[in-house]
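I opened a new structure today and kept notes as I went. Here is what I looked up, in the order I looked.

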Amino acid sequence: MTDDPVTSPPLFDDVTAVAAPHRGLVVEHATVRGDATQVLLDESRLASVVVALDAGHQVDGQLAFAMHAAVLRAEPLHVVHAAGVGGDHATSSQRGYLLEQAVDRWRCRFPHVTVHTDVEPDHPVHACLAASVHASVLVVGQPLADHHRPASRAVVSRLLRRSAAPVAVVPRAHDRAGQPA
């Protein structure tokens, strides 16, 4: 980061050249005026813990892990559920209701954590990748080996490779108190 418009483009070219061999690494460029330390601090305040939930399934382990992470980082929690493309309003509303029910149980246990929930009309990978841009960590559940949708394992695999934030894959054995079983 630099606030000097003369050195900024060559610096961006150098960073882009270093990042080029690393497939999937995205480098963004912005010329920002002001104190670099203050700009970085301001940007870091935008971070949140993001947890991707499959509404209607067992999500307490993921929420426990995410709530604890939000407390440790002193960040808000952003809960995302991808409802899929082309879903109808009734289904989306039902999923939103199930999501809010699951989250409300944890809001009571962690009243000092600010929680935002979103039901996104998008594919899970796209919704999670978009949310990961401003995440300090992306929390997802470990798919069961015998999950009825093999695609769920592919979703986690794609997130591990392409997320802008570190990904925490919470095992099903993670108990609801937030402690490993």
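My entries below go from the cores to a few single residues.

**Entry 1: the model.** I am working with a predicted model, so I counted side-chain atom pairs only at pLDDT 80 or more.

**Entry 2: the main core.** I began with the nonpolar cores. The largest one has 23 residues. I noted the members with the most contacts inside it: V49, V51, L53, L63, L77, V79 and V139. Then I asked which elements give two or more residues to this core. I found β1 (48–52), α3 (60–73), β2 (77–82), α4 (89–109), β4 (135–141) and β5 (167–170). Helix α3 supplies the largest share, 6 residues.

**Entry 3: V51 and its company.** I picked V51 for a closer look and set aside its neighbours within four places in sequence. What is left in contact with V51 is Q62, L63, A66, L77, H78, V79, V80 and V139.

**Entry 4: another core.** Apart from the largest core I found another, of 16 residues. A82, V156, L159 and A165 are among its members.

**Entry 5: a charged residue inside.** Next I went to E75, which sits in the loop between α3 and β2. Does E75 count as buried or exposed? I found it buried, and without a salt bridge. The nearest side chain of opposite charge belongs to R73, 4.6 Å away; a salt bridge needs a distance within 4 Å, so this pair does not qualify. Leaving out residues up to four places away in sequence, E75 touches A47, S48, V49, A70, V113 and S136.

**Entry 6: S132.** I moved on to helix α5 (residues 124–132), where S132 is found. Its relative accessible area is 1%, so I logged S132 as buried. A polar atom of the S132 side chain lies 2.8 Å from the backbone oxygen of L129. I also listed what S132 touches beyond four places in sequence: L138, S163, A164 and A165. For a longer reach along the chain, I checked S132 against V167: they are 35 residues apart in sequence, with 8.9 Å from C-alpha to C-alpha.

**Entry 7: aromatics.** How many aromatic pairs does the structure hold? I counted 1. The partners are W106 and F110, and the pair is stacked, at 6.2 Å centre to centre with 25 degrees between the planes. I checked the accessibility of both rings' residues too. W106 has a relative accessible area of 2%, so it is buried. F110 comes out at 10%, so I logged F110 as buried as well.

Notes:
Residues are numbered from 1 along each chain as its sequence is written. This is a predicted model: local features need pLDDT of at least 70, side-chain atom pairs count only at pLDDT 80 or more; totals for chains, interfaces and linings use all residues. Side-chain values use heavy atoms; hydrogens and water are left out. A nonpolar core is a set of buried Ala, Val, Leu, Ile, Met, Phe, Trp, Tyr and Cys residues joined through side-chain atoms within 4.5 Å. Buried means under 20% relative accessible area, exposed over 50%, partly exposed in between (1.4 Å probe, protein chains only). Helices (H or I, at least four residues) and strands (E, at least two) are DSSP runs, numbered from the N terminus. Contact means heavy atoms within 4.5 Å. Lys and Arg count as positive and Asp and Glu as negative; His and the chain ends are not counted. A polar contact is a pair of N or O atoms within 3.5 Å; within protein, one must be able to donate a hydrogen and the other to accept it, and residues adjacent in sequence count only if both atoms are side-chain atoms. Rings of Phe, Tyr and Trp (its six-membered ring) pair if their centres lie within 6.5 Å; planes under 30 degrees apart count as stacked, over 60 as edge-to-face and the rest as tilted.
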